[in-house]
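This report looks at charged side-chain pairs and at how far their members are open to solvent.

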Amino acid sequence: MQAVLAIPDLATLRNIGDPAQVLTQNVAGVPLLARVIATATRAGVDSVLVIWPEDVSSAILASCAESPLLKNVRVDKLVWTNAFDPRSAANWAIIAARLEDEFLWLPWNWITHKRALARLTPSPALPVTWQRPVALEKGAIVSDTNFRVSSLRQTQGVPVTSPTTVPDAERFLVAHSGKPTDGIYSNFNRRLCRPAVRLLTHTRVTPNAITLAGLLVAIAAALLFARGSYASYVAGALLFFLSGLFDEMDGMMARLKFCESAFGTWFEGFVDNLTYLAVFAGIIVGLHRRYGSWALKYGIALIIGSVFSVVVIGLQRKLATSPDRPHEYAGKMNRLMEADSSNLVSKIVRQIHIFVKKGVLVHYLLIFTLLGGLPVFLWLAALGSNLTWIFALYFTRRFFHRPSLEAMGNTQKAA
């Protein structure tokens with residue numbers, strides 16, 4: 001899909017500030033113009049036509065086009081003598097040959113997220129306002145019919161009209177840096193993380209560095225749990241909760257700065273597994289000090305279940321996703337279980353599987369610890385970890401054994 005941007009003329013840009021600074025001002029760690037185009041590419045755009053005023057230095061666009069964020073998109077420049085007015089049919093007629101049959105009109109300063117753009121469908125009519133993104137059919141702007149519509153979906157976003165509006169745009173981005181599959185727990189965690197994430201976007205801290213920091217916090221939590229007193233349990237649970245917030249922040253940062261990667265997904269999963277094992281080991285040692293051998297028995301069951309779960313889920317992820325898109329694993333499994341909801345096991349597991357997520361687990365570990373129920377948590381965790389790998393094996397055979405997978409695909413097509 002093609003996107004079309006029109007940069008204001010020099011006089012208009014100077015009303016905001018220095019043209020180069022206006023177009024490249026930092027918005028959550030990414031230059032404005034590069035962010036606008038990169039967001040469009042994440043929504044499916046593969047080529048961008050930039051209508052560039054001749055009185056503004058082309059070096060600004062050249063620098064933007066060289067950004068690693070735009071390596072998968074073709075950026076074409078069309079020099080324009082005066083300010084391009086999208087309300088003018090004559091202007092559109094001049095560039096009609098450069099337009100695809102369907103394209104995305106994208107205001108140069110509109111900050112949004114990829115989901116908002118991906119939801120747009122091409123309209124055969126002109127929009128009420130050109131200040132928001134809109135998907136258009138080419139015929140709507142080159143025909144003589146000049147009518148307006150007012151029922152188009154209003155795209156979420158914030159226009160950057162001056163340096164003072166940048167904080168509003170950043171708050172919007174951080175607030176929408178989650179995933180559609182986030183539940184109530186993750187949404188709560190992300191709200192707590194927003195101020196720190198917004199601050200970190202203006203530093204050189206990487207998502208992988210945040211992931212490692214979360215591991216260090218979890219190790220500290222494990223050492224506290226191992227001390228075996230109620231006070232140390234509570235301190236350990238609070239640190240583990242903080243580790244869970246780090247786990248949210250690394251993903252938020254990766255999406256905000258467009259640095260998601262297959263390695264980052266695998267690395268985060270690897271660190272999460274180490275986090276679980278470290279904290280569980282600390283809990284086992286601490287409870288063994290207070291309650292004796294029974295805690296060690298359940299602890300061994302928990303560690304065995306955790307290791308088996310890591311191995312089986314790792315194999316399942318390889319079957320469910322391509323090597324370059326491991327982040328699609330959770331969403332794909334949710335869709336498969338939803339399509340298989342007539343199966344009682346799928347129906348039950350789909351309702352309870354969220355409890356194995358770190359963002360959820362940190363809440364319940366803290367609650368059980370505060371209420372003095374850490375031994376009960378150990379028993380439940382030992383049971384849950386072993387049920388996890390057993391169910392994972394079940395779904396691996398059900399969904400990824402070829403005859404079953406083909407049947408599931410036919411079910412989804414029929415629906």
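A salt bridge is here a side-chain nitrogen of Lys or Arg within 4 Å of a carboxyl oxygen of Asp or Glu. The model under discussion is a predicted one, and a search of the whole structure finds seven salt bridges, among them the three listed below.

| Salt bridge | N to O distance |
|---|---|
| R74 and D76 | 3.0 Å |
| R87 and D85 | 3.1 Å |
| R198 and E170 | 3.1 Å |

In the pair formed by R87 and D85, the closest N and O atoms are 3.1 Å apart. R87 has a relative accessible area of 63% and is therefore exposed, while D85, with a relative accessible area of 26%, is partly exposed.

The salt bridge between the side chains of R74 and D76 has an N to O distance of 3.0 Å. R74 counts as partly exposed because its relative accessibility is 48%, and D76 likewise counts as partly exposed, with a relative accessibility of 25%.

The remaining pair in the table joins the side chains of R198 and E170, with 3.1 Å from N to O. Since R198 belongs to helix 9 (residues 184-200) and E170 to helix 8 (residues 166-175), this salt bridge ties together parts that are 28 residues apart in sequence. As for solvent exposure, R198 is partly exposed at 24% relative accessibility, whereas E170, at 4% relative accessibility, counts as buried, the cut-off for that class being under 20%.

How values were computed: Residues numbered from 1 in each chain as written. Predicted model: local features only at pLDDT ≥ 70, side-chain atom pairs only at ≥ 80, totals over all residues. Heavy atoms only, no water. Buried < 20%, exposed > 50% of the residue type's maximum accessible area, 1.4 Å probe, protein only. Helix = DSSP H or I, 4+ residues; strand = E, 2+ residues; numbered from the N terminus.
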